[in-house]
Amino acid sequence: MDSIGPVGLQQGEGAPCYPQESLPCPSDSSELVQECLRQFKVTGAQLRQIQASLLSSMEQALGGQVSPASAVRMLPTYVGSTPHGTEQGDFLVLELGATGASLRILWVTLTGTEGHRMEPRSQEFVIPQEVMLGPGQQLFDFAACCLSEFLDALPVGNQNLQLGFSFSFPCHQTGLDRSTLISWTKGFRCSGVEGQDVVQLLRDAIQRQGAYSIDVVAVVNDTVGTMMGCEPGVGPCEVGLVVDTGTNACYMEEARHVAVLDEDRGRVCVSVEWGSFGDDGALGPVLTTFDCALDRESLNPGAQRFEKMIGGLYLGELVRLVLAHLAQCGVLFGGCTSPALLSRGSILLEHVAEMEDPSAGAARVHTILQDLGLSPGASDVELVQHVCAAVCMRAAQLCAAALAAVLSHLQHSREQQTLQITVATGGRVFERQPRFLSILQETVMFLAPECDVSFIPSLDGGGRGVAMVTAVAARLAAHRRLLEETLAPFRLNREQLAAVQAQMREAMTKGLRGEASSLRMLPTYVRATPDGSERGDFLALDLGGTNFRVLLVRVATGGVQITNQVYSIPECVAQGSGQQLFDHIVDCIVDFQQKQGLSGQSLPLGFTFSFPCRQLGLDQGILLNWTKGFNASDCEGQDVVCLLREAIGRRKAVELNVVAIVNDTVGTMMSCGYEDPHCEVGLIVGTGTNACYMEELRNVAGVAGDSGHMCINMEWGAFGDDGSLGVLSTCFDARVDQASINPGKQRFEKMISGMYLGEIVRHILLHLTSLGVLFRGQQTQCLQTRDIFKTKFLSEIESDSLALRQVRAILEDLGLPLTSDDALMVLEVCQAVSQRAAQLCGAGVAAVVEKIRENRGLEELTVSVGVDGTLYKLHPHFSSLVAATVRELAPRCVVTFLQSEDGSGKGAALVTAVACRLAQTACV
Ligand code: 0WK
Ligand code: BGC
Ligand code: BGC
């Protein structure tokens, strides 16, 4: 005869439950009865101990501590807000696992009007034991079959239905509709489900069923449904407490406390999963041998120890084990047992609820025990009621200790003297055991006196709450679809990029031949990259980027020394008269010379002029058209070296020897070429974008000579101005182009460079706001403001080191009223726009390096590309995306990207130095 007795373990000592020690049936029967009932007595100190230990487990788990694993899991649920009552629509809800061997389906209509409730239609289906313990597919097919049966009775036709899946088991959620089962609890143990995404399993089963088009948009733990099901008027409920077959709670936690979430604003609902509390032995002192026996015989020994002392699936079994022990010791039912009394699960929650209820009266107890094949005497009935009361009392007290831990944590984390809070309760233990709630309330008041707690039974067991979450999820899913539709044109595939590469290649060939092409392929008269023998002091100007710089470049044996000064070009000067612009440039030069003690010296000067110029020689450049926001009058069609010399002329006592005019791409190539002789391509991705490279002179029409090389300024910013990029251009690109000072021009540049990316993003955000996807559809003044969304925000927002919270800070500084979902979507918009820009740029570079490789008839080309420009340098992912695209599209070229340290001013000085060296050798 195996007998069960108290274990008497100290706090947290060793693994839970040693094999049961059989307790002798003491001769004094009353002692035995008292001993059995005393075991279920949990002292105030023990309850406080449990409260404290559960609290520290909660904080360990929230802090992300993995080893030792904390006993409670604290799982984020991706539910970020309690309902604001505006949710509306018809929703299907499938509840699995809350009420043991049954699943429930509900049709919930949310009216979106506060206080106006429509009674949900629902149906319960009993789940056969073999389905609860069989292959997972069978369980989900069973659920899908029940769904069809439920819908067959409703006039749903073939409308697309949205379903919320209430799945009451511990799951790692990675989204509102993505949830991986950690482990089964309660009476379930289907194979092939743990570690799987249960939403996908349900979707697959519904697919297999094929009867209705049902979209599973959210998966919710039953505690969350219970919390969300609170009538807004009484709430908001910020804690959901379920005691049904199992037990658990969820609550609204400050997002910043949840380590796994990189979010510190707002709140997120966390499922505590306190059922597993004590699986690490923390419950030692309050565990009885009856608990041990129950656990040993359960489907999951050693797991869910706390749940097995509270959950409705176990209370009946605990009572049975005690009654069986007392009967076997002869102090109950005259020492007689019955097959029913000795068989597991024969006493159910309902039995305990009735027998424990003093108002039910002895007669009912009698009937139940007789149904179990027992013939109870009068004293037996009373004793049975005592046992039921003891088991239920302890369950309610333990549940209260756990709830008090959650409440104390909330009170501390919200730094409130007194926490006022509403707890939504759900589950049949509450419904069937009215005393459960009162004991729970009393004990919570004892353990958390500074918390003013009101308990609200959740309506229809949380079904409405699940529908609320589903409504929110449906809205978010709809928003996601609209976001994907909006961003889809920005997601370029390999074919599209290869087409850009091929089109650019063709345009290069045409441009070199002087045929009509959107690529002007301008000869620069730079025939060689530096060979290191250059020497001397040079002045250099660098105009056309973010900053205008004047530089003194000393090229000596030991290397190149640069002194430079940044000057601003006010918009009114950039868009004023040409004379004003060049006078301003000369003013800056004079200021620089004075500061550097160079006044009166006429150093050779190299002019980096980053605009499309048809060069007739190294020091002759006819400006073809302004770009990048410049629009000074009387310059286009003029030789800008002349314009500069005239301005110098207008400024008395200034002598400057302008030797060379170079494009910033050429300056950058030369600057990097000085360090790396393989550098034969120059790339700028800054305010504007462009590239140059060393072409075979024989391929350059209009320039004499068939041997040797010449650097060609591609002016690729204008690629596609002939409409060849039409297929890739989006309505947002069109809006940016139309609003620019050079509509129809520089189309490639307007899809890539820093002057425009922020504007593309702003137009997309405006569009998404108008669809109600962003900022709750509120159009704000600031978002209507041109250029308010700087391209540098993309670099900041996309930086990996920035948590979503910082993204919010950037956007809030812009005066945008946003939620965390909004911040995430803005991040995705930025990523899509910058990724497209980098890939298009990569396709361009691939076209250039492949041209060089084929020019030289090489199997494989090793080449370096000198790069400059704020966007390329500051954006966290731009450079790697460009390199990846080049590897993909030009696999036979080994391309190294060299970020230019000194800008193209140094390059201009080197071009000048080469020109001076060649001039000297020509004189000799
Ligand atoms: C720095 C170079 C300059 C070039 C600029 C482009 O020295 O010649 O124009 O980079 O980058 P941005 O300043 O437009 O970002
Ligand atoms: C599950 C929880 C659930 C609770 C109440 C437990 O067994 O692990 O996810 O909330 O039962 O149904
Ligand atoms: C200009 C190019 C320049 C590029 C990068 C473009 O707008 O047309 O000449 O190289 O910007 O600054």
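**View 1. Glu715 and its neighbours around ligand 3 in the predicted model.** In this predicted model, a polar side-chain atom of Glu715 sits 2.5 Å from an oxygen atom of ligand 3. Two asparagines also take part: the polar side-chain atom of Asn663 is 2.8 Å from a ligand 3 oxygen, and that of Asn690 is 3.1 Å from one. Taken alone, ligand 3 would expose 310 Å², and the protein buries 99% of that area. Two elements each give two or more residues to this shell, namely helix H20 (664-673) and strand S23 (689-696). If you would like to trace the whole shell, look for 15 residues around ligand 3, with Thr627, Lys628, Asp664, Glu715 and Glu749 the closest. Sorted by class, the shell holds 3 nonpolar, 8 polar and 4 charged residues.

**View 2. The surroundings of ligand 2.** Here the residues that come nearest are Thr185, Asn221, Asp222, Glu273 and Glu307, out of 15 around ligand 2. Start at Asp222, where a polar side-chain atom lies 2.5 Å from an oxygen atom of ligand 2. Moving on to Thr185, you will find an N or O atom of the side chain 2.7 Å from a ligand oxygen. Lys186 joins in as well, with a polar side-chain atom 3.0 Å from an oxygen atom of ligand 2. On its own, ligand 2 exposes 310 Å², of which the protein buries 100%. Helix H6 (222-228) and strand S10 (247-254) each bring at least two residues to the shell. The class count for this shell is 3 nonpolar, 8 polar and 4 charged residues.

**View 3. Threonines and an arginine at ligand 1.** Two threonine contacts are good places to begin: a polar side-chain atom of Thr870 is 2.2 Å from an oxygen atom of ligand 1, and one of Thr687 is 2.4 Å from a ligand 1 oxygen. Arg549 adds a further contact, its polar side-chain atom lying 3.3 Å from an oxygen atom of the ligand. The protein buries 91% of the 370 Å² that ligand 1 exposes when taken alone. In all, 15 residues surround ligand 1, and the closest are Asp542, Thr546, Thr687, Thr870 and Ser904. By class, this shell divides into 1 nonpolar, 10 polar and 4 charged residues.

**View 4. The second largest pocket and its lining.** This view turns to a pocket with a volume of about 1100 Å³, the second largest in the model. Its lining counts 38 residues, and Thr546, Lys628, Thr687, Gly754 and Met755 are the closest to the pocket centre. Some of these names will be familiar from the earlier views: Thr546 and Thr687 are also among the closest residues to ligand 1, while Lys628 is among the closest to ligand 3. Which helix gives the most to the lining of the second largest pocket? That is H23, with 6 residues. To follow the helices around the pocket, look for H17 (571-574), H21 (731-739), H23 (754-770), H25 (791-797) and H28 (870-874), each of which supplies at least two lining residues. The lining as a whole has 13 nonpolar, 16 polar and 9 charged residues.

Technical notes:
Residues numbered from 1 in each chain as written. Chains lettered and ligands numbered in written order. Predicted model: local features only at pLDDT ≥ 70, side-chain atom pairs only at ≥ 80, totals over all residues. Heavy atoms only, no water. 1 Å grid on protein atoms, 1.4 Å probe; cavity = no way out; pocket = protein on both sides within 12 Å on 5 of 7 lines; lining within 4 Å. Points joined across faces, edges and corners; volume = space filled by probe spheres on them. Helix = DSSP H or I, 4+ residues; strand = E, 2+ residues; numbered from the N terminus. Nonpolar A, V, L, I, M, F, W, Y, C, P; charged D, E, K, R; others polar. Near = heavy atom within 4 Å. Polar contact = N/O pair within 3.5 Å; in protein donor to acceptor, adjacent residues only side chain to side chain. Areas by Shrake-Rupley, 256 points an atom, 1.4 Å probe, with all protein chains shown as cover.
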